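Visitor: I would like a close look at a single part of this model, taken slowly and with the cut-offs stated as you go.

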Amino acid sequence: MSIFYVNGAYYPEEDAKISVRDLSVLRGFGAFDYLRTYAQLPFRLEKNLARLRRSCEILELNFPWSDDELSEIVLETLKRNIALGDSEEYSIRLVVTGGISKSNITPDNEPSLIVLVQPFTPLPAEIYETGAKIITVDLSRLYPDAKSTLYTPAILGQRRAREQGAIEAIYKDDAGNILEATTSNIFAFFGNTLVTPPTGEQILPGITRMTTLELAQEHFDVQIRELPYEEFLQADEAFLTSSNKEVLPIVQIDEAMIGDGRVGEGTQQLISLFREITRKRATGVVV
């Protein structure tokens, strides 16, 4: 049973609670961020904290904690869970809620802070060898550049993906450009050129996306630009990135095969490069 942090104290999972009047419950008002450990150390925690702070700024959600305070809370929560010995690696989710509101709608600027640390379960190894399917959905997120707890489009998209044997659902804009998946960023190879949609007001800046771009720029021609759906169908390779998927090859979108329907060499190289940089954590190298 995991140990969670809630508003200044640490609780066993069954005792960790917030008020039913919290605006995250009543109105879906809150922000969160997610990362995982390698060698039981948080991967790029400072980047996730900066993104959480940015999400709260976009949502105009009060954020009274310093990065040092949050880092200390995360590390202590992680330490307490590692002591349980339940897992080799862990997922970490930080949640800032709107808190209790006297009017039940307007925040009183007293947010709640929750840190959930749980055993990390990786995807099956074979999916990185065979690749996965994705679908597109006619859904969109409110404030896409913030990690809001208002996750209805993602929940619906994920449900439709599972119904069609896919691992993810992809959002498109009104012009038909590929944007991002419900919980992942997307990339496509055209020969030696790697293309990914630009971040901004329509796409969340993924931390794994950032790391992948840093690695890719040393080996490929990288273009950050709009990616029309029809062009994506002509890609030689494609993959998703996220904290829980790392670099995940994609071999089908909707009913169309990507390239020859197999995991390509460029994707395989980036999978190896990403695993190499995360393995460095296990040997004490800071990345």
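Visitor: Leaving aside its neighbours within four places in sequence, which residues is threonine 136 in contact with?

Guide: This is a predicted model, in which local features need pLDDT of at least 70 and side-chain atom pairs count only at pLDDT 80 or more, while totals for chains, interfaces and linings use all residues. Residues are numbered from 1 along each chain as its sequence is written, and side-chain values use heavy atoms, with hydrogens and water left out.

Once neighbours within four places in sequence are set aside, threonine 136 is in contact (heavy atoms within 4.5 Å) with Ile170, Lys172, Ile178, Tyr229, Ile253 and Asp254. With the last of these, aspartate 254, the side chain of threonine 136 forms a polar contact of 2.8 Å; the term stands for a pair of N or O atoms within 3.5 Å, where within protein one must be able to donate a hydrogen and the other to accept it, and where residues adjacent in sequence count only if both atoms are side-chain atoms. Threonine 136 has a relative accessible area of 18% and is therefore buried, a class that means under 20%, against over 50% for exposed and partly exposed in between (1.4 Å probe, protein chains only). As for a residue outside that contact list, leucine 204 is 68 residues away from threonine 136 in sequence and 17 Å away in space, C-alpha to C-alpha.

Threonine 136 belongs to strand β7, and here helices (H or I, at least four residues) and strands (E, at least two) are DSSP runs numbered from the N terminus. Strand β7 spans 132-137 and β8 spans 168-172; the two pair in the parallel sense over 4 bridges, where pairing requires that DSSP finds at least two bridges between the strands. Within this pair, isoleucine 135 has alanine 169 of β8 opposite it. Of the 5 residues of β8, 4 are buried, so this strand is largely enclosed by the rest of the structure.

Lysine 133 is also located in β7, and with a relative accessible area of 15% it too is buried. Its side chain reaches the backbone oxygen of glutamine 164 at 3.0 Å. Beyond its neighbours within four places in sequence, lysine 133 is in contact with Gln164, Gly165, Ala166, Ile167, Glu168, Gln252, Asp254 and Glu255, so that aspartate 254 appears among the contacts of lysine 133 and among those of threonine 136.

The helix that comes before β8 is α5, which runs over residues 152-163 and has 12 residues. From its first C-alpha to its last, α5 reaches 17 Å, close to the 16 Å expected at 1.5 Å a residue, the expected span being 1.5 Å times one less than the number of residues. Its buried residues are Pro153, Ala154, Gly157, Gln158 and Ala161. They cover an arc of only 125 degrees around the axis, which puts them on the same side of α5; the arc is that of the directions from the helix axis to the C-beta atoms. What covers these buried residues includes β7 and β8, whereas the face turned away from the buried side carries the exposed residues Ile155, Arg159 and Glu163. Just after α5, glycine 165 has a positive phi of about 70 degrees, and this glycine is one of the residues in contact with lysine 133.

Isoleucine 167, another contact of lysine 133, leads to the nonpolar interior. Leaving aside neighbours within four places in sequence, isoleucine 167 is in contact with Leu123, Ile127, Ala132, Lys133, Ile134, Gln158, Arg162, Leu240, Leu248 and Ile250. The largest nonpolar core, meaning a set of buried Ala, Val, Leu, Ile, Met, Phe, Trp, Tyr and Cys residues joined through side-chain atoms within 4.5 Å, has 38 residues, and those that touch the most other members are Ile134, Ile167, Ile178, Phe232, Leu240, Ile253 and Leu270. Helix α8 (residues 265-282) supplies the largest share of this core, 5 residues. A second, separate core of 26 residues includes Ala31, Ile73, Leu94 and Leu113. To return to the starting point, Ile178 and Ile253 are among the contacts of threonine 136, and both are listed with the residues of the largest core that touch the most other members.
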